[in-house]
Structure formats: structure tokens, C-alpha cells
Amino acid sequence: GDLLKVKVNKLTSIKTQLPYSYYSLPFCPPKKIVDSAENLGEVLRGDRIENSPYVFKMREPHMCTVLCRITLDAKTAKQFKEKIDDEYRVNMILDNLPLVVPIRRLDQDSSTVYQLGYHVGLKGQYSGSKEEKYFIHNHLAFTVKYHRDPQTDSARIVGFEVKPYSIKHEYEGKWNEKSRLTTCDPHNKRTVVSSNTPQEVEAKKEIIFTYDVEYQESDVKWASRWDAYLLMNDDQIHWFSIVNSLMIVLFLSGMVAMIMLRTLYRDISRYNELETQEEAQEETGWKLVHGDVFRPPSNSDLLCVYVGTGVQFLGMVLVTMIFAVFGFLSPSNRGGLMTAMLLLWVFMGIFAGYASARLYKMFKGAEWKKLAFRTACMFPGIVFAIFFVLNAIIWGQKSSGAVPFGTMFALVLMWFGISVPLVFLGGYIGFKKPAIEDPVKTNKIPRQIPEQAWYMNPTFSILIGGILPFGAVFIELFFILTSIWLNQFYYIFGFLFLVFIILLITCAEITIVLCYFQLCSEDYLWWWRSYLTSGSSALYLFLYATFYFFTKLEITKLVSGLLYFGYMLIASYAFFVLTGTIGFYACFWFTRLIYSSVKID
């Protein structure tokens, strides 16, 4: 007998990717519309959670409750038609569970798939006519599933389903509050079971909104009530992708081990006596450039900024993943992931400042404050600019996905109030420490780089370097894209964590291998190249996102396309910074290791 209050969330569409608030369409409003408090992540996702006129009593079924009656005019009819055209779905929430429509799958053992939210309406023709009409789902048959506790006889909600119908309701005489519907009357046992006489959406037509509620006892315990939403049909694919990625990793690890053994072992055993002329020739390539290897690169400040940002990003991703693996960020906590990532990004600023200042001091830089400022503002500034433009576009579409001004202000405040000071603090600590010593002395005059073979051309080797890290993650990427753009839950963080570790290793190893080949051909400009080698996987990521857009998504509107590519651009940029930094540090460690073992006479 307790009151169950249903809340309404945004209207969503896979076709346009623009969420709208529920009451932007003329659905029946409650007496007073109240916004629920939302966290930062929810606001950024465009969730707008409000109260609704749907009120149930626990375990008391209700048939044919009339919500309200509206008469459409030209404007409202057009709004409904547009939303039906774009396949918008209505999302509702009961006891923090999203509303689902169970759909029977005809192919495999008639299992049930759940679709989040019900469609506003549908298009169709009357039999015998060619003209397409729009029909609205105005009767909702809700099913609330509950799990009863045998000791106390109290019950908890474990499922919230709906079957939407479109029906042209009829009644006798003139309409008043007490009118009984002839099409749906609990007393005469007339219930709505099909959409045989659907309700058209046209101007001047009246629509009566009704609903049924029934209660079903269920064996699902409260703790596992989310499992139905998170049904994973294809575990095999994930394992397959991980095995595939591990193969790449093993192959690369073998190569790295070989290189290490050759370079380091030979040096230790002072091989001079035993060596034929050819081996000496091949081996000396990287030794000849020992006087130039640690010469600071051009644009060294920019490299420091990017490395610092990458460290910040790496810290954020790692901590987020660890939280997610331990189950702190379950999908029932809406917007939790976004909020966590933003906060972590802000607090990781201290590591960004530290990493960039250490590198800067090694390059003999002096103006650390300028550097700290650039580290604090460059990456967030670019992302914020893209985000701002996208937000203006969404705002122009009157969508609820637009981030309100207050939230924007809060984000800027977090950035300049917490992140920037932390970057400066990190930079101060990093600059105070003694500079990192080079293992070999750098010559005064730079050595000339000999003519390189075509396959050692910087552009070519950089593009080759990005293929393997991308290959290691691309299957998991498919699932992440699907969960973002096709409105499904993504929660297999365990797999994601494994794939992420594989990504780290692949990036590090491919960069080391290519760096070694480069040094052997007496080309010592490795600083930027090591960053770009693994960072180029971001280019493949963006190309894949483009491929995904044209093959999997049915986006036709220009605005939605702009949104998609804008957000994927931000994602690729972040991926570039992350993978590039991993490659850079791997290479940095590797060159220091091999040159410190060389005895230069």
C-alpha cells in the first residue's frame, strides 16, 4: 500500500543523439513539476529527472487509470510527429530502476531482450491505404516486479517493465472527470491488449492518456536486480580479443628482450676480441650517436607540456578503472563515472606539474612558472573550446543535453580553482629537485644524420607504430562506442582493465623497438618521434570512429553528426596524449638504460 512515485527522465533517440526533457512534449504534467537534484555527471549527460503524475500503490493493481485528456493543436501535433519520426524513447525511473520494454527475440530460444524506454509512438498505414500516419502510445501497461521477503512479508522492487499500446479511447456522452471509457473498463473486464484501433496524431484530435499497473512476484533478489539490464550475450568476443592482443604483446616482448640481450649482454662481456667486422659495423650504429642522443629536442617546452598532461590523464584513467573494477561505479549510480573522472582529472594536476617540470629542468629550462601555466591550460583549454562550441550547437536545438551556464561555471571554477594551483604546486616541487643527469655527455656540435632508408622515414615509422596499440584495443572500443551512442549500459570494467594494461605494454614495446632501429641507423632525433609513434594510434581511433558512424549509426541530422565527430575528436585527442606519454617514457627509460651500460673510451 506504500506510494510508488515514478520519475520521468529525458527523451532519448539513437538517431539524433539529442536528449530532450520529458515535458518538452505536451504529456500529462503533475500539479507541480519538481526537478530532482542531479550530480555533475548527470547534468553533463543531459539527464533531467522530474516527477510525474504516475503514482502507484505497492501491490495494489490498477486497471485503466485515466491520467488526463488533451486536444492537439497544429503545434503540439507537429512536435509529437517530429519526435515519433526521430524514434524518440521515453525514459522513466522507479526506485532508481530504469523502465524497460521486454522484447521477445524470435531467433534464439525466444529469450527476452530489454530495450531502455518505450517509443513515443510509431508510424504505420491503415490496411488498404498507402498514406503513412503517426500513432501515439497513449496507454501504458506497467508491470512492477517485486521480491518478497518471507519473514517480514515486505517487498522490494526488482523490475519495472512496460508494454505501450496505442488505442483510440471512446466514452459516452460529454467528457467530465467521472466519464467511463467504453474501450477500457475494469468493471466490464475490458482491458487493452492490442493496438488494433490506434490513436492518430493529428491536429484537433483528442488524446486520452491511460495506464494499467500489475504486480508480479519475482525470484530475483534485490541485490541482483540490475543483472537483467546488463545481460552480456557475447563474452566470447571479449576473451577472443584479449587473446588476440596478448599475441601481439608476446611478439613485441620477444623483440624487446632480444634487443636488450644483444645490446646489454655484448657490452658486459667486452666483446671486442671475438667480433667479426660485419657484426661490429651493425652494432655500432647506436653507439656512434652517443654524443647526440640526449641533446634537447626542438620545441622542448611543448614536449614537456604534453608529457605532463599525459601523466595527468594516465593517473585519472588508472584510478577510475580501479574504482570501476571494484564496483564503486555501477550503472545504478547514474553519472557517477563522469563525476569521478572529472574530479580525478582535477586532482591529478599535481602529477602533471611535477612530470613536466622534471623534464623541463633536464632540458635546462628556467621559466618553470610559464611552463606550469601552459601545462595547466593547454589540453583542458582545447577540449573546453570544442566542448563549448558543441554545447552552443545543442543549446540552439533546445535540447536538455546542453550544459547549463551554472554547470559550465562550476567546471571552469574546478579547473582554475583546484587544477591550476595543483599543477603549479607539482611544478614547484619538480623544479626544486636536482635535474636528471644524462648517462653520457652531449657533444658541442651536432652530428650529421646520414641518408635514411625509405622505411625509416619519420612519417612512415610513426604511422606504423600506431597500428599495433590500436589493434590491441579496437574490439573493446566497439563495445564502448555502442554503449555511448546506442544507449546501452557498459559495465564490463574487468575486461576493460585487462585491455588497458595490454595497451600500456603494447605502446611501450612498439616505441622501444622502433626507437632502437632508428638509433641503429644513426638518427638520434628520438624525443618527439617516440611520443608520436605510439600517439599515432589516436589517428586510427578517429578513423575507426568515422567508419563506425557510417556503418552502425543511423544519424541523418547535420547537428547530430557534428556532435558525434566533436566528441570523438575530444576522445581521440585524449587517447593521443595518453598513448604518446606512455611511448615517450618507455623510450626515455630504454635509451638511458642502454647508454649507461656503454663504456665510452
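A disulfide is a pair of cysteine sulfur atoms within 2.5 Å. I'm working with a predicted model here, and I wanted to see what its cysteines are up to.

**Entry 1: disulfides.** How many disulfides does a search of the whole structure find? I searched and got one. The partners are Cys 28 and Cys 68, with their sulfur atoms 2.0 Å apart. These two cysteines tie together distant parts of the chain, 40 residues apart. Cys 28 sits in the loop between strand 1 (3–12) and helix 1 (40–45), while Cys 68 belongs to strand 3 (residues 62–71). Note to self: a disulfide is a covalent bond joining the sulfur atoms of two cysteines.

**Entry 2: handedness.** I looked up the torsion about the S-S bond of Cys 28 and Cys 68; it is about -75°, so this disulfide is left-handed. Buried or exposed, I wondered, for Cys 28 and Cys 68? Both Cys 28 and Cys 68 turn out to be buried.

**Entry 3: Cys 507.** Why does Cys 507 have no bond to Cys 587? The sulfur of Cys 587 is the closest cysteine sulfur to that of Cys 507, but it is 12 Å away, so that's too far for a bond. I checked burial as well: Cys 507 has a relative accessible area of 0%, so it counts as buried. Cys 587 is buried too, with a relative accessible area of 0%.

**Entry 4: helix 5.** I moved on to helix 5 (residues 300–325), which has 26 residues. At 1.5 Å a residue it should span 38 Å, and its end C-alpha atoms are 37 Å apart, so the two values agree. After helix 5 comes Gly 327, and its phi is positive, near 85°.

Definitions and conventions:
Residues are numbered from 1 along each chain as its sequence is written. This is a predicted model: local features need pLDDT of at least 70, side-chain atom pairs count only at pLDDT 80 or more; totals for chains, interfaces and linings use all residues. Side-chain values use heavy atoms; hydrogens and water are left out. Helices (H or I, at least four residues) and strands (E, at least two) are DSSP runs, numbered from the N terminus. Buried means under 20% relative accessible area, exposed over 50%, partly exposed in between (1.4 Å probe, protein chains only). The expected span of a helix is 1.5 Å times one less than its number of residues.
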